[in-house]
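Please look through the structure shown here before reading on. The paragraphs that follow lead from a single residue to the whole chain, and from there to a helix, a pocket and several loops and strands.

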Amino acid sequence: MTEQNPSESTTDFLAWTKARGAGDLADKMGIEFTEFSLERAVARMPVEGNTQPAMLLHGGAYVVMGESLGSMSANLHAGPGKLAVGIEINASHTGSATSGYVTAVCTPIHLGRTLTTHEIVVTDDAGRRCSTIRITNLILDQPAAS
C-alpha cells in the first residue's frame, strides 16, 4: 500500500484521515475525527460502549483516543515515505465522563525531524477536563512493500 499525505497546498487533512483510517480499535470505539490540521486535531468518542464496570469511561479509552489522535498527527507531520510510531505515552485522568461524548483536542509540543510530541486534552460534554495525555512518536522510513 502506498500512502500519500496531502500536500500543504491542498490542506484537506480531514479527508486524508478519513481515507487513511485510524485503525480497527478506533473504529470499534466510535472515535470520529472532526477537525485535522498540522496545528490542531479534534476527535470525539461516545462514552456508551466504552465504560468500565462502574459505568465511567474506561481510562484505557482515553489513552486509545489520545494515541489515535497523536499518532495520526505525527504521521501527517512525517510526510510521504515516512511512518510515525508511538514510543511513549502517559495519561493523567482528572475527571470521569459518564454519558454523552468526550472530545479530544491534540496540539503539537514538538515537531522534529525524528521525534514528535503531542498533548491531547479530553473533555466531557460540559467542558470539564477528564484526561491529559502526552505521546511521543518516532519517525522512521516507511518499510518497503513486500
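Leaving aside its neighbours within four places in sequence, which residues is R129 in contact with? The model is a predicted one, and in it R129 is in contact with T94, G95, V121, V122 and T123. R129 has its place in strand β6, which covers residues 129-141. With a relative accessibility of 43%, R129 counts as partly exposed, because a residue must be under 20% to be buried and over 50% to be exposed. Another residue to locate from here is A104, which is 25 residues away from R129 in sequence. The C-alpha atoms of R129 and A104 are 9.7 Å apart in space.

The chain as a whole gives these details a setting. It contains three helices and six strands. Read from the N terminus, the elements follow the order α-α-β-β-α-β-β-β-β. The chain has 146 residues, and buried ones make up 38% of them. Its accessible surface is about 7,700 Å², and 51% of that surface belongs to carbon and sulfur atoms. Contacts can also be sorted by separation along the sequence. Among contacts between residues at least 6 apart, 61% join residues that are at least 24 apart.

Helix α3 is the next stop. This helix has 20 residues, and the distance from its first C-alpha to its last is 28 Å. That span is close to the 28 Å expected at 1.5 Å a residue. Is α3 largely enclosed by the rest of the structure or largely open? Of its 20 residues, 14 are buried, so α3 is largely enclosed. Just after the helix comes G79, which takes a positive phi of about 90°.

One residue of α3 to pick out is V64. Not counting residues up to four places away in sequence, V64 touches L25, M29 and I31. V64 can also be placed relative to I133, which lies 69 residues away in sequence. In space, their C-alpha atoms are 10.0 Å apart.

V64 leads on to the largest pocket. Rolling a probe the size of a water molecule over the atoms shows where empty space is left. The largest pocket has a volume of about 160 Å³. It is lined by 11 residues, and those closest to its centre are A22, V64, E67, S68 and S71. Which helix gives the most to this lining? The answer is α3, with six residues. Both α2 (24-29) and α3 (59-78) supply at least two residues each. Sorted by class, the lining has five nonpolar residues, four polar ones and two charged ones.

Before α3 there is a loop, running between β2 (41-46) and that helix, and M55 is found in this loop. M55 has a phi near 70°, a positive value in a residue other than glycine. Most residues other than glycine have a negative phi. With a relative accessible area of 53%, M55 is exposed, since the cut-off for that class is over 50%.

Strand β3 covers residues 82-93, and K82 is found in it. Its relative accessible area is 32%, so K82 is partly exposed. Leaving aside neighbours within four places in sequence, K82 is in contact with N75, I139, L140, D141 and Q142. P143 is 61 residues away from K82 along the chain, and the C-alpha atoms of the two are separated by 8.4 Å.

The last residue to find is D124, in the loop between β5 (115-123) and β6. Is D124 buried or exposed? At 9% relative accessibility, D124 counts as buried. Not counting residues up to four places away in sequence, D124 touches A97, Y101, V102 and C130. The first residue in that list, A97, is 27 residues away from D124 in sequence, with 5.8 Å between their C-alpha atoms.

Technical notes
Residues numbered from 1 in each chain as written. Predicted model: local features only at pLDDT ≥ 70, side-chain atom pairs only at ≥ 80, totals over all residues. Heavy atoms only, no water. 1 Å grid on protein atoms, 1.4 Å probe; cavity = no way out; pocket = protein on both sides within 12 Å on 5 of 7 lines; lining within 4 Å. Points joined across faces, edges and corners; volume = space filled by probe spheres on them. Helix = DSSP H or I, 4+ residues; strand = E, 2+ residues; numbered from the N terminus. Nonpolar A, V, L, I, M, F, W, Y, C, P; charged D, E, K, R; others polar. Expected span 1.5 Å × (residues − 1). Buried < 20%, exposed > 50% of the residue type's maximum accessible area, 1.4 Å probe, protein only. Contact = heavy atoms within 4.5 Å. Areas by Shrake-Rupley, 256 points an atom, 1.4 Å probe, with all protein chains shown as cover.
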